[in-house]
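Dear colleague,

I am handing over the structure we talked about, and below it you will find what came out of reading through it. Please keep the picture open while you read.

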Amino acid sequence: MGPELGDVNIYVKPPPGVTPDMIDCKLTPSHLRLGLRGNPPFLDEPTGGPIVAKESHFYMVDGEITVAMSKMRKGETWGTALGGRGQVDPFTRQEIQRELMIERFQEEHPGFDFRSAEFNGQVPTRARSWGGSSTPS
């Protein structure tokens, strides 16, 4: 899972022979349930942050399920993709925030290349750098 301004993707390798029509996926603004129809889910956990359920979905390519969750607050850094899983360590979180900041700068200024940008001190959080808006951009 790489950092994205507006999306979080989860990749799951199902058992052999599983087809997309066998998958049961339910996404709510704060929860993911994923499994095979008629069986207990193999993922049933809170999301790492709020999502826009109607813009989130799953698909299957080359035997791998991708659950694409659309963040409710674009640019927010989640400590974990799913609430029941381990947290990202502080250094990795800082790197994710840096990558999101560069992606945001690229989006706002398409004619410039920010890939080699360096930040003095701590990378600002979304609330400090983007006006603290809690609505999706």
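D62 is an exposed residue, because its relative accessibility is 74% and the cut-off for calling a residue exposed is over 50%. Please bear in mind from here on that the model is predicted. D62 belongs to the loop that links β5 and β6, and its phi lies near 50°, which is a positive value in a residue that is not glycine. As background, most residues other than glycine have a negative phi.

With that residue placed, it may help to step back to the whole chain. The protein has 137 residues, of which 35% are buried, and it contains 2 helices and 6 strands. Read from the N terminus on, the elements follow the order β-β-β-β-β-β-α-α. The accessible surface amounts to about 8,100 Å², and carbon and sulfur atoms account for 52% of that area. If you take the contacts between residues at least 6 apart in sequence, 52% of them join residues at least 24 apart.

The strands can be followed sheet by sheet. One open sheet is made of 3 strands in the order β2-β3-β4, with antiparallel pairing; its edge strands are β2 and β4, each of which pairs on one side only, and the twist from one strand to the next averages 5°. Within this sheet, β2 (residues 23–28) and β3 (residues 31–36) are paired antiparallel over 6 bridges, and the two strands form a hairpin that has 2 residues between them. To find this pairing in the picture, you can look for I23, whose bridge partner in β3 is L36, and for L27, which stands opposite L32 in β3. On the other side, β3 is joined to β4 by 4 bridges, and these strands also run antiparallel; here H31 stands opposite P46 in β4. β3 and β4 form a hairpin with 6 residues between them, and in that turn G38 has a positive phi of about 80°.

R37 is found in the loop between β3 and β4, and it counts as exposed because its relative accessibility is 52%. When residues up to four places away in sequence are left out, R37 touches D21, M22, I23 and D24. The C-alpha atom of R37 is separated by 8.9 Å from that of C25, although the two residues are 12 residues apart along the chain.

The other open sheet has 3 strands in the order β1-β6-β5, again with antiparallel pairing. Its edge strands are β1 and β5, each pairing on one side only, and the twist averages 20° from one strand to the next. β1 and β6 are paired in the antiparallel sense over 6 bridges, and one place to see this is D7, whose bridge partner in β6 is S70.

Which residues touch the most other members of the largest nonpolar core? That core has 18 residues, and those with the most contacts to other members are I10, L32, L34, I65, V67 and M69. The elements that contribute two or more residues to this core are β1 (7–12), β2, β3 and β6 (64–70). L32 is a good residue to select on the screen: setting aside its neighbours within four places in sequence, it is in contact with I10, C25, K26, L27, L43, D44, E45, T47, V67 and L82.

T47 appears in that list, and I would end with it. Is T47 buried or exposed? T47 is buried, because its relative accessible area is 9% and the limit for buried is under 20%. T47 sits in the loop between β4 (43–46) and β5 (57–61), so that you have here a buried residue in a loop, whereas D62, in the loop between β5 and β6, is exposed. A polar atom of the T47 side chain lies 2.5 Å from the backbone oxygen of G49. Beyond four places in sequence, T47 touches P29, S30, H31, L32, M69, A81, L82 and G83.

With best wishes

How values were computed
Residues are numbered from 1 along each chain as its sequence is written. This is a predicted model: local features need pLDDT of at least 70, side-chain atom pairs count only at pLDDT 80 or more; totals for chains, interfaces and linings use all residues. Side-chain values use heavy atoms; hydrogens and water are left out. Buried means under 20% relative accessible area, exposed over 50%, partly exposed in between (1.4 Å probe, protein chains only). A polar contact is a pair of N or O atoms within 3.5 Å; within protein, one must be able to donate a hydrogen and the other to accept it, and residues adjacent in sequence count only if both atoms are side-chain atoms. Contact means heavy atoms within 4.5 Å. Two strands pair if DSSP finds at least two bridges between them. A nonpolar core is a set of buried Ala, Val, Leu, Ile, Met, Phe, Trp, Tyr and Cys residues joined through side-chain atoms within 4.5 Å. Axes are lines fitted to C-alpha atoms, for helices over the stretch in contact, and angles run from 0 to 180 degrees between N-to-C directions. Accessible areas come from the Shrake-Rupley method with a 1.4 Å probe; for residues, only the protein chains shown count as cover.
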